[in-house]
Amino acid sequence: MSESYNRMLLRRRFCKRVVLLLTAFAVSFYASVLLFGGLKGPQVMRLTDLHRCPACYGVTVCPELYSNQITLDSSHWNMFNAKNIYYGYTKSNRRVVLKKLAHNWELKEFDDNLCNNWRLKLDCKSIQLLNMTNIDEKLLKIVEFNLTWPDTEPRKGLVMCPYAYSLYDFIQSFLNNKREGYKSELINIWTMLSINPEPIILQVIPKSKGWPVPPFGGVCGRLEVVGHEGEPLSALLDVAWHRKLKYAQNILDAAMDFTFKHDRFRFYLMDWSLDNIVANEKDEITFVDLEDLVVLDKHISPKKDLPDWYKRYSREVMGPGFTFSIENMCRHHLSDHNLWAACYVLAGDESPLLYPIPKDVNSTRPHFDRLLSTCLNGEDRFLAVSKLQQVIEEMLSDQKIVGFGAVR
Ligand SMILES: Nc1ncnc2c1ncn2[C@@H]1O[C@H](COP(=O)(O)OP(=O)(O)OP(=O)(O)O)[C@@H](O)[C@H]1O
Ligand SMILES: [Mg+2]
């Protein structure tokens, strides 16, 4: 009696589990169909959300997406893609990354505040933005807001400093100054400054001019298309040490370039995680996340509020980990922020790329480790980095380090 009762209980439990599993499957099945319009993964045009605010977004890469010149790689598709990153191919088989410009909740916040932001009626139509006259001012407002935001609070987006009005010259370099369409370009820029300035940055410092950033394919609505430039360094920590040394060389070169290469602006990158630097099979590196950065105009005339403008700013000890003061960076014509950050990636407290240094290297070149420490904690990082560049160059030409049977 009790045995058959137990069996009945077991059977019931089993049935319950099967029903639960089937329900979960059915829910995710319908969610997938509802959200993305099919089981093969999202349809690319749905990802753009262009209908939400056609006036707000760029459309440069829409024709390629509409005509299937760029297709999504469904093998990489993941329904719980919190990062909003998708992978795809062009017709000529070039791998591309399709990036939503922000997380879904940020985009929703942007949509919800759109009318209010432009002081339009709550049920405004986004097309009304094209009638606005104060767009220039609005652009400046966003950047000013980021500039005055206290360091201690989470901040988002572009900081243009020391004076926000440099923004106009900054965007001129890629704006299409033709009369027609000019206003919509400005609204696009306002949108990008509001949610993610990366498409602007990728056009001001393009890969075609030697910057270590992905080639920019264009935007369509909320989707940005860039070239796929390799795997993140965080996934390459097991490669041979000499390859890490090559990455290190490129990272230091990039830090110098972002600081010195542009004849008008410096670019201080704020997010130096190993996830945001990718490397290709030739060990060339690319900075793929340019959402959070400080752009400094070197050519301003300092007013009374900038008494120390012509002095260099060297990062002070601000506590453990990756901390910095945007305020101080912006008050000086030159800061060693990028150099410190690069050395922090190579030798800092959080998964340092070059450590442990192989024993053979340490015994033949004990000064290498010392130089890395000097770069992290010393007085003159510009000097330390240029010495590091020389030592690394010399090491990369040493067959004992890079040749057959190289140190690991
Ligand atoms: N151009 C690219 N080439 C290769 N991989 C890329 C590229 N762009 C992005 N990725 C991959 O996608 C990941 C996320 O990209 P990205 O850092 O831009 O997104 P994110 O949403 O800003 O992430 P987070 O805010 O967490 O840093 C990167 O860590 C990298 O692995
Ligand atoms: Mg990132």
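Here is a chat about how some labels for this predicted model are earned.

Me: Why are α9 and α11 called roughly antiparallel?
Reply: Look at the angle. The axes of α9 (residues 241-260) and α11 (residues 337-347) cross at roughly 165°. Angles over 145 degrees count as roughly antiparallel, so α9 and α11 get that name. Their axes come within 9 Å, and the crossing is right-handed.

Me: What makes the contact between α9 and α11, and how do its residues divide by class?
Reply: From α9 you have Ala248, Ile251, Leu252, Ala255, Met256, Phe258 and Thr259, and from α11 there are Asn338, Leu339, Ala342, Cys343, Val345 and Leu346. By class, that contact has 11 nonpolar, two polar and no charged residues. Thr259 and Asn338 are in the contact, and Thr and Asn are not on the nonpolar or charged lists, so they count as polar.

Me: Why is α11 called oblique to α13?
Reply: The axes of α11 and α13 (residues 366-377) cross at roughly 135°. Roughly antiparallel needs an angle over 145 degrees, and roughly perpendicular covers 65 to 115. An angle of roughly 135° fits neither, so α11 is oblique to α13. These axes come within 8 Å, and the crossing is left-handed.

Me: Which residues make that contact?
Reply: Leu339, Trp340, Cys343, Tyr344, Leu346 and Ala347 of α11 meet Leu372, Cys375 and Leu376 of α13. They divide into nine nonpolar, no polar and no charged.

Me: How do you know that α11 is mostly covered?
Reply: Buried means under 20% relative accessible area, and 11 of the 11 residues in α11 are buried. Among them are His337, Trp340 and Tyr344. The buried residues of α11 pack against α9, β8, α10 (326-330), β13 (334-335), α13 and α14 (381-396).

Me: Why are α5 and α7 called roughly parallel?
Reply: The axes of α5 (residues 135-148) and α7 (residues 182-195) cross at roughly 15°. Angles under 35 degrees count as roughly parallel, so the label fits α5 and α7. Their axes come within 10 Å, and the crossing is left-handed. In the contact, Ile135, Asp136, Lys138, Leu139, Ile142 and Val143 of α5 meet α7 residues including Lys183, Leu186 and Trp190. By class, this contact has nine nonpolar, one polar and three charged residues.

Me: What makes Asn276 and Asp289 donors to the magnesium ion?
Reply: Their distances do. The magnesium ion (ligand 2) is coordinated by Asn276 (OD1) and Asp289 (OD) at 2.2 to 2.3 Å, and the cut-off for this metal is within 2.8 Å. The pair links distant parts of the chain, 13 residues apart. Asn276 sits in the loop between β8 (265-269) and β9 (277-279), while Asp289 sits in the loop between β10 (285-287) and β11 (293-297).

Me: Why is Asn276 called buried, and what is Asp289 called?
Reply: Asn276 has a relative accessible area of 10%. Buried means under 20%, so Asn276 is buried. Asp289 is at 23%, which falls between the buried limit of 20% and the exposed limit of 50%, so Asp289 counts as partly exposed.

Me: How do you know that Glu198 is buried?
Reply: Same test: Glu198 has a relative accessible area of 2%, and under 20% means buried. This residue lies in α8 (residues 198-204). Leaving aside neighbours within four places in sequence, Glu198 is in contact with Lys99, Glu224, Val288, Asp289, Leu290 and Glu291. One of those, Asp289, also coordinates the magnesium ion.

Notes:
Residues numbered from 1 in each chain as written. Chains lettered and ligands numbered in written order. Predicted model: local features only at pLDDT ≥ 70, side-chain atom pairs only at ≥ 80, totals over all residues. Heavy atoms only, no water. Axes fitted to C-alpha atoms, helices over the stretch in contact; angles between N-to-C directions. Helix = DSSP H or I, 4+ residues; strand = E, 2+ residues; numbered from the N terminus. Left-handed = near helix turned anticlockwise from the far one by under 90°. Contact = heavy atoms within 4.5 Å. Donors = N, O, S within 2.8 Å, 3.2 Å for Na, K, Ca; no water. Buried < 20%, exposed > 50% of the residue type's maximum accessible area, 1.4 Å probe, protein only.
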